[in-house]
Amino acid sequence: MRRTSFPAFICAMLFSASSFAKAELDIQGLDGALESNVQAYLSSISPEDYSVKLRFQSQIEQKITEALNALGYYHPDISFSVPEGEDKLIVQVIPGVVTKIVKVDIQITGEAKQDKDFIRLVNQSGLKVGVPLNHGKYDALKSGLGNLAMKKGYFNGKFLKSQIGVAPELNEAIITLHFDSGIRYQFGQTTITGSQIELDRVASLQPYKMGDSYDVSDVARFNQALSNTEWFSSVLVEPDLSQLDTERQLPMKVTLAPQSRNQLETGLGYSTDVGIKGTLSWKKPWVNKLGHSFDSSFSISEPEQVITLGYKIPLEDVLHQYYRFSYGMKHVDSRDTQSIESNLAIERHWLMDDGWHRTIFARYLIENYEQGELDDIGQFVLPGVTYTRTRTRAKGTLLTWGDKETITLEYGDPSLFSETQVLRVLAGTSWIRSYGQNHRGLFRLDGGANLVQNFDRISPSLRFFAGGDNSIRGYGYESISPTDSSGALAGAKYIATGSLEYQYRITGNWWGAVFVDSGDAFDTLPDWKTGTGFGIRWISPVGPLRLDLAWGLQEDPGDQFRIHFTLGPEL
């Protein structure tokens, strides 16, 4: 037998109304589910009811009795005592003999009689002959049947009988639940109003067909798909329930409002890689009635200035299949690299049945650069393919589980207007796993290779550099690579980096972290560089914020310690 106690403020408790102070309530004789349920019931007593000793004891006895009755104990023995000289009320509880179920009469009639979801719900209810009576399980099954009926379109469902019959003197109970589902309604004709986009484009997102059995999850999927297009400022998908009892097929109503045609956003951020960074973006979520969209962004920092333009043309599957045309210009003046690069690309996107996103592309790169001893203008036509997949589970903005995989292949050849023959391979994987409420682990592995005929003809943006916030912490941004004869960073043919991080919840959305990163950018064999350190994580409403103190174990003395600050997704 375990003892449990919890504090309560009790007035008029011990000897007289004028001498009562803070007291302790000590419940003895209960454990497990009985103890938890009693504590839950007692928590509902208002402090205003503590003013009179006898009244307070009566309320405690009533709440304990109700809590035990709910779990099938109808004969509790409850006694009170006050130890001499202590501000404590001891409540001794003997729960008595439990009432068990002797008969279960659960009947599903109507079209749901053969519905597997209803059958599964009843089988998993825990209401069986010979088990202790639990009012909570009965209530859960009753509400579950009603909710399932509404979810699956049995809108005329009703209980014909619902009761618990208890014979306390025999410690026996009888469960009776008779539910008539009636017919299951179907999706009828869908009417769309308020759309500025062609109706066939909007209707293509509909996950159900006319005549399909109604399911609220299909309604939610339609609603989410319409929202994900970013064409509309508001979306409402609902059945017309005024047609109940007149026909099986329910008309569906879709009410939309156009999104603002122009959207501007500004931002100011900071990372130790590029310092203070300002951004400006202009977006047109819809350009015309076909649902085309346009986006642009401009970002500026001391070492990098970038402008990008994009135009998207959705295809028949408007969310998952589309063409995208993009242009980007980037100016870099960092360490031993000075370059101006332009990228023009056309992409074809698919979401495949297995969850992978496939992109086939061709891009034209022209780059005017100085890289160490090199001073040249390079151009490449690079067709390629990218596969990516991201899977996550989250609680609010906190990722509790996730993984991301990506692989890209692109090829350049002199016969296709490239400076030299090159096959580029880039791949990466990232994992997040949680253990309980307070432990998280993060793992990242990235790699790349330039399989090239003449590496001296490769532009800086195609070479590899390691080090920085999202590479190897403890080292400067892109400070790791082979050097040329002058000692300047030259960029590498290959790169391999990895990271292992453990996080522990300090309080709320604040986490502590320890980590180790390792990797290298190299031409022949790697000379592994390792960084390690600790940091703080804040899971903010706009995304994770990370502050790290890191040491590069192979850095020169005096340059080993670095601060890394980033704001952005973990995968």
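# Notes on the predicted model

1. Let's start with Asn343. If you skip its neighbours within four places in sequence, Asn343 is in contact with Ser326, Tyr327, Gly328, Arg363, Tyr364 and Leu365. (Contact here means heavy atoms within 4.5 Å.) Asn343 sits in strand β16, which covers residues 337–351. (Strands are DSSP runs of E with at least two residues, helices are runs of H or I with at least four, and both are numbered from the N terminus.)

2. A word on what you're looking at. This is a predicted model, in which local features need pLDDT of at least 70 and side-chain atom pairs count only at pLDDT 80 or more, while totals for chains, interfaces and linings use all residues. Residues are numbered from 1 along each chain as its sequence is written, and side-chain values use heavy atoms, with hydrogens and water left out.

3. So how confident is the prediction? The average pLDDT over the chain is 90, and 94% of the residues score at least 70. (pLDDT is the predictor's confidence in each residue, from 0 to 100.) Residues 1–22 have pLDDT below 50, although this stretch has 57 contacts in the model beyond near neighbours in sequence.

4. Back to Asn343: is it buried or exposed? Asn343 counts as buried, because its relative accessible area is 17%. (Buried is under 20%, exposed is over 50%, and partly exposed lies in between, using a 1.4 Å probe and protein chains only.) Its side chain also makes a polar contact of 2.8 Å with the side chain of Arg363. (A polar contact is a pair of N or O atoms within 3.5 Å; within protein, one must be able to donate a hydrogen and the other to accept it, and residues adjacent in sequence count only if both atoms are side-chain atoms.)

5. Asp403 is worth a click too. This aspartate is in strand β19 and is buried, with a relative accessible area of 1%. Not counting residues up to four places away in sequence, Asp403 touches Arg389, Thr390, Arg391, Ser430, Trp431, Arg433 and Leu571.

6. On the surface, look for a nonpolar patch of about 790 Å², built from Leu264, Leu280, Trp282, Phe298, Ile300, Ile307, Leu309, Met329 and Ile340. (Patch residues have over 30% relative accessible area and no salt bridge; like charges are joined within 9 Å, nonpolar side chains within 5 Å.) Which strands each supply at least two residues of the patch? They are β12 (275–284), β13 (293–300) and β14 (304–314). Take Leu280 as one member: it lies in strand β12 and, at 41% relative accessibility, is partly exposed.

7. How many salt bridges does the structure hold? The count is 29. (A salt bridge puts a side-chain nitrogen of Lys or Arg within 4 Å of a carboxyl oxygen of Asp or Glu.) One of them joins the side chains of Arg120 and Asp117, at 2.8 Å from N to O. These two are separated by about one helical turn because they are three residues apart in helix α3 (residues 116–123). Both are partly exposed: Arg120 at 41%, Asp117 at 28%.

8. Another salt bridge pairs Lys151 with Asp215, with the closest N and O atoms 3.1 Å apart. This pair connects distant parts of the chain, 64 residues apart: Lys151 is in helix α4 (residues 135–151), while Asp215 is in the loop between α5 (199–203) and α6 (216–228). Lys151 is partly exposed at 34%, but Asp215 is buried at 13%.

9. Then there's Arg457 and Glu419, whose side chains meet in a salt bridge of 2.6 Å, N to O. Arg457 is in the loop between β21 (439–452) and β22 (494–507) and Glu419 is in the loop between β19 (398–412) and β20 (422–435), so the salt bridge ties together parts that are 38 residues apart in sequence. Arg457 is partly exposed at 28%, and so is Glu419 at 24%. Elsewhere, Arg473, Glu501, Asp517, Arg537 and Asp548 form one network through salt bridges that share partners.

10. Last, two backbone oddities to check. Asp245 has a positive phi, near 75 degrees, though it is not a glycine. Asp245 is in the loop between β9 (232–239) and β10 (249–258) and is exposed, with a relative accessible area of 63%. Arg335, also not a glycine, has a positive phi of about 55 degrees. Arg335 is in the loop between β15 (322–334) and β16 and is partly exposed at 46%.

Technical notes: Accessible areas come from the Shrake-Rupley method with a 1.4 Å probe; for residues, only the protein chains shown count as cover.
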